[in-house]
Amino acid sequence: MKHLLICFAILITTLVSAQDETHQNLLVTDSTWAKEVFKFPIGFAQDIPYSGFEEAQFPKGWGTKDSPTFWSYAFVWHIEGEIDIDEHTLENDLQLYFDGLMDMNTNGNIENDILKTNVLLVKTKTSYKGKLKTFDRLKTKEIITLNVTVEEHYCKDKNTTLLLFRFSPKSFDDSIWNELNTIILKNNVCY
């Protein structure tokens, strides 16, 4: 009986630990922000070739067109292994992501081909910066342009790559970017 209890305790500890690893809070955000977690392959973007998960965080008002935080949010990809990242890889990944999110991947639909996501990123000293143009099928049913930044982090001890994305339709000099730039990775994500 004692052996059975020890095995059960180890099993529960392993399950809780594995669940915490997959759904841990990776980002530092305001407590009012909502969180969603998606496991790779992401259901709406199956062609993104990574293993791991995404943690997305949304401010209050994210989905309201007249809100100052409309379409302004952040997510981090927690990817198993070290991956080679450059502008072209990120542009392709974001196109696959947003085309899937906006349901642009219906076979042979001419309208969807015209509305496919376009992404242009430039490498800066410490990150990537650019624009993403997509059809907002979720909220406005119009073309929307999002400004985007991407930071890359490699966790040697865990052999994981973390990509932190921030988005907003507001220009980079708008005050929303002050708030978005306070979103950082938690200190312990690489340990």
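This is a stop-by-stop tour of a predicted model, with a selection to make at each stop.

**Whole chain**

Start with the full chain in cartoon view. The chain has 191 residues, and buried residues make up 41% of them. Its secondary structure comes to 4 helices and 9 strands. Read from the N terminus, the order of elements is α-β-β-β-β-α-α-β-β-β-β-α-β.

**Strand S3 and its neighbours**

Select residues 52-58, which form strand S3. How many of the residues of S3 are buried? The count is 7 of the 7, so the strand is largely enclosed by the rest of the structure. Show the side chains to tell the two faces apart. Gly 52, Glu 54, Ala 56 and Phe 58 lie on one side, Phe 53, Glu 55 and Gln 57 lie on the other, and both faces are covered.

Now add residues 34-39, strand S2, which pairs with S3 in the antiparallel sense over 6 bridges. To check the register, pick Phe 38: its bridge partner in S3 is Glu 54.

Next add residues 73-80, strand S4. S3 and S4 run antiparallel and are joined by 6 bridges. For the register here, select Glu 55, which stands opposite Val 76 in S4.

**The loops beside S3**

Select Phe 40 and Pro 41 and look at the backbone. The peptide bond from Phe 40 to Pro 41 is cis, with omega near -5°. Pro 41 belongs to the loop between S2 and S3.

Then move to Trp 71, in the loop between S3 and S4. Trp 71 is not a glycine, yet its phi is positive, at about 55°. Is Trp 71 buried or exposed? With a relative accessible area of 1%, Trp 71 is buried.

**Three salt bridges**

The structure holds 3 salt bridges. Visit them one at a time, with side chains shown.

Stay in the loop between S3 and S4 for Lys 65, whose partner is Glu 142 in strand S7, 77 residues apart in the chain. The closest N and O atoms of Lys 65 and Glu 142 are 3.8 Å apart. Lys 65 counts as exposed at 51% relative accessibility, while Glu 142 is partly exposed, with a relative accessible area of 42%.

For the next pair, select Asp 99 and Lys 116, which form a salt bridge with their closest N and O atoms 3.8 Å apart. Asp 99 sits in helix H2 (residues 87-101), and Lys 116 in the loop between helix H3 (110-114) and strand S5 (118-123). This pair also links distant parts of the chain, 17 residues apart. Asp 99 counts as buried at 3% relative accessibility, whereas Lys 116 is partly exposed at 26%.

Then select Arg 166 and Glu 151, whose side chains meet in a salt bridge at 2.8 Å, N to O. Arg 166 lies in strand S8 (residues 160-168) and Glu 151 in strand S7, so the pair ties together parts that are 15 residues apart in sequence. Arg 166 is buried, with a relative accessible area of 3%, and Glu 151 is partly exposed at 22% relative accessibility.

**Back to helix H2**

Select Tyr 97 in helix H2. Tyr 97 counts as buried, at 3% relative accessibility. Add Ala 45 and draw a distance between the two C-alpha atoms. Tyr 97 and Ala 45 are 5.2 Å apart in space, C-alpha to C-alpha, and 52 residues apart in sequence.

**The loop between S7 and S8**

Go to Asn 159, found in the loop between S7 and S8. Its phi is near 50°, a positive value in a residue other than glycine. Asn 159 is partly exposed, with a relative accessible area of 38%.

**A charged patch**

Finish on the surface view. Which residues form the negative surface patch? Select Glu 82, Asp 84, Asp 86 and Glu 152. One of them, Glu 152, is found in strand S7 (residues 142-155). Glu 152 counts as partly exposed, at 35% relative accessibility.

Note on methods:
Residues numbered from 1 in each chain as written. Predicted model: local features only at pLDDT ≥ 70, side-chain atom pairs only at ≥ 80, totals over all residues. Heavy atoms only, no water. Patch = residues over 30% accessible without salt bridge, like charges linked within 9 Å, V, L, I, M, F, W, Y side chains within 5 Å. Areas by Shrake-Rupley, 256 points an atom, 1.4 Å probe, with all protein chains shown as cover. Salt bridge = Lys/Arg side-chain N within 4 Å of Asp/Glu carboxyl O. Lys, Arg positive; Asp, Glu negative; His and termini not counted. Charge placed at Lys NZ, Arg CZ, Asp CG, Glu CD. Helix = DSSP H or I, 4+ residues; strand = E, 2+ residues; numbered from the N terminus. Buried < 20%, exposed > 50% of the residue type's maximum accessible area, 1.4 Å probe, protein only. Pairing = 2+ DSSP bridges.
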